[in-house]
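Good morning, everyone, and thank you for making room for me on the agenda. Please have the sequence and the picture open while I talk.

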Amino acid sequence: MSEAIASPLLLEDGRGIPRSLPLLAALVEAEALSCAAAAANASESRPADSSLARAFLCCCATTTASRPAESNLVRSFRGGAAPKVPIRIFLERIHLLTRSVPSARGMVRIDGTCFVLAGIYLTRFIRSGAGRDAGILVESATVHRLVAVAVLLAAKFGGHPPKKWTRVFQDSSEGAIRAEEMVGLESSFLRAIDFRLSVDSAGFDSFCKVLERGPRAPSAGGGCASKKRQADGAAGEDGEHRRVRARLPLPAVVLSN
């Protein structure tokens, strides 16, 4: 991913916060607000034209909020207490707290690449058959857990296997996400995306552009099928680009070190 590594989104500010972090937070928060607005206008039959759906996926959801706890997947991501911490603050806490956590290769160092990968994984989860069937959306009840697992997987993908890292998510969420939840959440997330953690250079670069563009206002036209074709074309995952593959042990093995 040589082209992607040169992205200005990976540059850090004076506190060491990469530009990709607040940009991802803005996109995710816009999605959660869109879902909340749709829930408030549930009488409308048209699905919410959310920021995530317009920006890099076609959710085609027929619900305005995640369904009640009727499946294991929904219970995993919606069943616990919802953190009150804003997503940007949540991500910054994770980013800063991990610097004091040891890993198998020294200190864990989450960089800007991690937050780009996290956004890609979150996209794949929402687009997955399991996520759609369960009716899970990026809303206030699910957003922190979805983002937490996406960041965890992205950190592993980046070559920094965490050691007893789950406490970071508990502290960053002010106790709302219990450390012991993370193994089950990770397993559910991975199965939903069919363990697809590979990201090619074109897909990485395309998502960087999505983050740069940021949340967009609802569009007046354009069908769901058209948006899906655009998103699939932008993903670029079927091209001949070099792929970077993640080879990870089972979640329980990594997190029990």
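I will go from the whole chain to its core, then to two helix pairs, and finally to a few single residues.

Before anything else, please keep in mind that this is a predicted model. The protein chain contains 13 helices and 4 strands, and of its 257 residues 50% count as buried. If we take the contacts in the chain with a separation of 6 or more, 81% of them are accounted for by residues that lie 24 or more positions apart. The accessible surface of the protein chain comes to about 11,700 Å², and carbon and sulfur atoms hold 53% of that.

Let me turn to the interior. The largest nonpolar core has 59 residues, and those with the most contacts inside it are Y121, F125, V151 and F189. Several helices each supply at least two residues of this core, among them α2, which spans 20–40, α6, which spans 112–127, and α11, which spans 201–213. Which helix gives the most to this core? That is α8, with 12 residues.

Y121 is a good residue to click on if you would like to see this part of the model for yourselves. Setting aside its neighbours within four places in sequence, Y121 is in contact with A150, L153, A154, F157, F189, I193, R196, L197 and V199.

Now for the helix pairs. Two packed helices are described by the angle between their axes and by the distance between those axes. For α8 and α10 the angle is about 80°, and the axes are 10 Å apart. Angles of 65 to 115 degrees count as roughly perpendicular, and therefore α8 is described as roughly perpendicular to α10. On the α8 side the contact is made by R145, L146, A148, V149, A150, L152, L153 and K156, while α10 brings E181, M182, L185, E186, F189 and L190. Sorted by class, the residues of this contact between α8 and α10 are 10 nonpolar, no polar and 4 charged.

The second pair is α6 and α11, which pack at an angle of about 95°, with their axes 10 Å apart, and this makes α6 roughly perpendicular to α11. Here T113, V116, L117, G119, I120 and T123 in α6 meet G203, F204, F207, C208 and L211 in α11. The contact of α6 with α11 has 7 nonpolar, 4 polar and no charged residues.

I would like to end with three single residues. V168 is found in helix α9, and with a relative accessibility of 5% V168 counts as buried, because buried means under 20%. Although V168 and A148 are 20 residues apart along the chain, their C-alpha atoms are separated by 9.8 Å.

The other two residues sit in loops. E174, in the loop between α9 and α10, has a positive phi of about 60° although it is not a glycine. Is E174 buried or exposed? At 56% relative accessibility, E174 counts as exposed. F195, which lies in the loop between α10 and β3, also has a positive phi, near 60°, and is a residue other than glycine. With a relative accessible area of 44%, F195 is partly exposed.

Terms used. Residues are numbered from 1 along each chain as its sequence is written. This is a predicted model: local features need pLDDT of at least 70, side-chain atom pairs count only at pLDDT 80 or more; totals for chains, interfaces and linings use all residues. Side-chain values use heavy atoms; hydrogens and water are left out. Buried means under 20% relative accessible area, exposed over 50%, partly exposed in between (1.4 Å probe, protein chains only). Contact means heavy atoms within 4.5 Å. Accessible areas come from the Shrake-Rupley method with a 1.4 Å probe; for residues, only the protein chains shown count as cover. A nonpolar core is a set of buried Ala, Val, Leu, Ile, Met, Phe, Trp, Tyr and Cys residues joined through side-chain atoms within 4.5 Å. Axes are lines fitted to C-alpha atoms, for helices over the stretch in contact, and angles run from 0 to 180 degrees between N-to-C directions. Angles under 35 degrees count as roughly parallel, over 145 as roughly antiparallel, 65 to 115 as roughly perpendicular and the rest as oblique. Ala, Val, Leu, Ile, Met, Phe, Trp, Tyr, Cys and Pro count as nonpolar, Asp, Glu, Lys and Arg as charged, and the others, Gly among them, as polar.
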